[in-house]
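User: I am new to this structure. Please walk me through its core and its surface.

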Amino acid sequence: MKTMVIEEERIKALKRYDILDTPPDGSFDRITALASKMFNMPIALITLVDHDRIWFKSQSGLPDVKQIDRVPGLCASAIFSEDVYLVENAIEDPRTLENPLVCSEFGLRFYAAAPLQTNDGYNLGNLCVIDKKQRYLSKEQLELLKEMAGIVMDEMEVRLAARTSLAKCYERIALLEKENKELRNR
């Protein structure tokens, strides 16, 4: 029961950002392209974990894929980690042995995901790097991935703050127009 309540609160936090199903964004696309190059990985994603799906805000190396089902997605497991969720060799890792992304033709072998954590502590998704061969990241590289995830959250926070400010401006304008109209009608 407690897990369901926490998940409902996490989903509510995700909805607060109003980012699901938005068009591609150059800032996020630059981050995934940079992550792919920095870590020498063929795939980098910015993912957001919704009720029943994992939606890709940005992807490098997976053209034409916008989302996958939440199950069997590794990102759905990774959001419960406070640190980088690391799978160095998926065919030997007990957490991923039966995952279709590992067993299928896709052949996922390496997965590292840093959580996209809100200021109030909810993990909305991940910045992840993926390879089809076994890989290792140094402690410094893991820290870089976490820092880059922090930049993604900074971008999301700026957009949320801008939307909130704009909504307040529109409310104020509407109030002033109403007051102005009332004054003219006197």
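The turns below cover the cores, one strand residue and a surface patch.

Analyst: This is a predicted model, where local features need pLDDT of at least 70, side-chain atom pairs count only at pLDDT 80 or more, and totals for chains, interfaces and linings use all residues. Residues are numbered from 1 along each chain as its sequence is written, and side-chain values use heavy atoms, leaving out hydrogens and water.

User: Which element gives the most to the largest nonpolar core?

Analyst: A nonpolar core is a set of buried Ala, Val, Leu, Ile, Met, Phe, Trp, Tyr and Cys residues joined through side-chain atoms within 4.5 Å. The largest one has 30 residues. Elements supplying at least two residues each include α1 (2-16), β1 (43-49) and α5 (139-184); helices (H or I, at least four residues) and strands (E, at least two) are DSSP runs, numbered from the N terminus. With seven residues, the top contributor is α5.

User: Is T47 buried or exposed?

Analyst: T47 sits in strand β1. Beyond four places in sequence, its contacts (heavy atoms within 4.5 Å) include I54, W55, F56 and C75. Buried means under 20% relative accessible area, exposed over 50%, partly exposed in between (1.4 Å probe, protein chains only). T47 has a relative accessible area of 0%, so T47 is buried.

User: How does M38 count by relative accessibility, and where does M38 lie?

Analyst: M38 lies in helix α2. Its relative accessibility is 36%, so M38 counts as partly exposed.
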